[in-house]
Amino acid sequence: MTFASMGDAKTTKSPPTISGWMQKAPPLNKRGPKVWRKRWLVLDADAKLAYYRNDRSSKPIRVIDLTKCTRVDCGLEHKKYKYVFDVVLKSRTYFFSARHQTEMEEWVKAICQIRSSASVTGEEFLPVRRPARYRSPHSNPSSPLPQTDSEPPKTPGDRK
């Protein structure tokens with residue numbers, strides 16, 4: 001992950017706030033193999049998150065308008081990837097995986113800061129930390145959810 005200089009901005013107007021390699025999940029409704037791809041991400045101060053095939057590409061695969069972001073979840077589970085977070089828009093949810101915890105936290109913090117500064121109302125935009133039992137739609141549904149010591153296993157007859 002790098003905090004880039006002004007000359008590193010690709011197709012966006014302002015210099016990138018943060019950039020680096022990340023694994024990206026395919027859309028949830030994609031047919032065929034669900035293969036996560038390594039992508040070069042660039043977050044700029046104009047509340048745009050662009051991803052590219054590589055760090056030398058001049059044209060982004062997609063640019064996500066973070067002003068339309070409704071939520072960012074971090075600490076999601078996946079059977080293969082450990083540090084997963086998502087960016088939720090009304091039209092789609094984007095899943096990304098960082099290489100380590102601090103990298104995930106830096107990206108989520110940067111996205112939330114950019115999103116808060118782009119807010120018309122001036123409201124603060126905070127990430128949602130999901131409990132360990134929360135799973136992303138890309139996780140393995142056949143594996144059991146982990147139980148915590150303080151919570152007994154749920155049975156079909158249990159009610160809250």
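Is Leu 28 buried, partly exposed or exposed? In this predicted model, Leu 28 comes out as partly exposed, with a relative accessible area of 43%. Leu 28 belongs to the loop that runs between β1 (16-24) and β2. Along the chain, Leu 28 and Phe 95 are 67 residues apart, yet their C-alpha atoms are separated by 9.6 Å.

Stepping back to the whole protein, the tally is one helix and eight strands. Walking along the sequence, these elements come in the pattern β-β-β-β-β-β-β-α-β. The protein has 160 residues, and 39% of them count as buried. Its exposed surface amounts to about 9900 Å², with carbon and sulfur atoms supplying 52% of that area. As for how the chain meets itself, take the contacts between residues at least 6 apart in sequence: 47% of them join residues at least 24 apart.

The helix, α1, covers residues 101-117, which makes 17 residues. From first C-alpha to last, α1 reaches 24 Å, close to the 24 Å expected at 1.5 Å a residue. A good number of its side chains deserve a look. The buried residues of α1 include Met 104, Trp 107, Val 108, Ala 110, Ile 111 and Ile 114. Also on that buried list are Glu 103, Arg 115 and Ser 116, along with Cys 112.

That cysteine leads to the matter of disulfides. How many disulfides does a search of the whole structure find? The count is zero. Why is Cys 74 not bonded to Cys 112? The closest cysteine sulfur to that of Cys 74 is the one in Cys 112, and at 8.0 Å it is too far for a bond, because a disulfide needs the two sulfur atoms within 2.5 Å. Cys 112 is in no disulfide either, its nearest cysteine sulfur being that of Cys 69, 7.2 Å away. Both residues are tucked out of reach of the probe to a similar reading on paper: Cys 74 is buried at 5% relative accessibility, and Cys 112 is buried at 3%.Just ahead of the helix sits strand β7 (residues 93-98), which holds Ala 98. Ala 98 is buried, with a relative accessible area of 7%. Setting aside neighbours within four places in sequence, the contacts of Ala 98 are Met 22, Tyr 83, Glu 103 and Met 104. Two of those partners, Glu 103 and Met 104, also appear among the buried residues of α1. Ala 98 and Lys 82 are 16 residues apart in sequence, and their C-alpha atoms are 7.9 Å apart in space.

Another alanine, Ala 47, has a backbone detail worth checking on screen. Its phi is near 65°, a positive value in a residue other than glycine. Ala 47 lies in the loop between β2 (37-44) and β3 (48-52), and counts as buried at 1% relative accessibility.

Turning to strand β4, Val 63 lies there and is partly exposed, with a relative accessible area of 40%. Not counting residues up to four places away in sequence, Val 63 touches Lys 48, Leu 49 and Ala 50. Val 63 and Leu 43 are 20 residues apart along the chain, with 9.5 Å between their C-alpha atoms.

Past β4 comes the loop between β4 (62-65) and β5 (69-76), and Lys 68 is found in it. Is Lys 68 buried or exposed? Lys 68 is exposed, with a relative accessible area of 55%. Even so, Lys 68 has contacts beyond its neighbours within four places in sequence, namely Val 88, Leu 89 and Lys 90. For Leu 89, the C-alpha to C-alpha distance from Lys 68 is 5.9 Å, across 21 residues of sequence.

The aromatic rings round off the picture. Four aromatic pairs are counted. Separately, Lys 38 lies over the face of Trp 21, at 4.9 Å from the ring centre.

Terms used
Residues are numbered from 1 along each chain as its sequence is written. This is a predicted model: local features need pLDDT of at least 70, side-chain atom pairs count only at pLDDT 80 or more; totals for chains, interfaces and linings use all residues. Side-chain values use heavy atoms; hydrogens and water are left out. Buried means under 20% relative accessible area, exposed over 50%, partly exposed in between (1.4 Å probe, protein chains only). Helices (H or I, at least four residues) and strands (E, at least two) are DSSP runs, numbered from the N terminus. Contact means heavy atoms within 4.5 Å. Rings of Phe, Tyr and Trp (its six-membered ring) pair if their centres lie within 6.5 Å; planes under 30 degrees apart count as stacked, over 60 as edge-to-face and the rest as tilted. A charge sits over a ring if NZ of Lys or CZ of Arg is within 6 Å of the ring centre and within 35 degrees of the ring normal. The expected span of a helix is 1.5 Å times one less than its number of residues. Accessible areas come from the Shrake-Rupley method with a 1.4 Å probe; for residues, only the protein chains shown count as cover.
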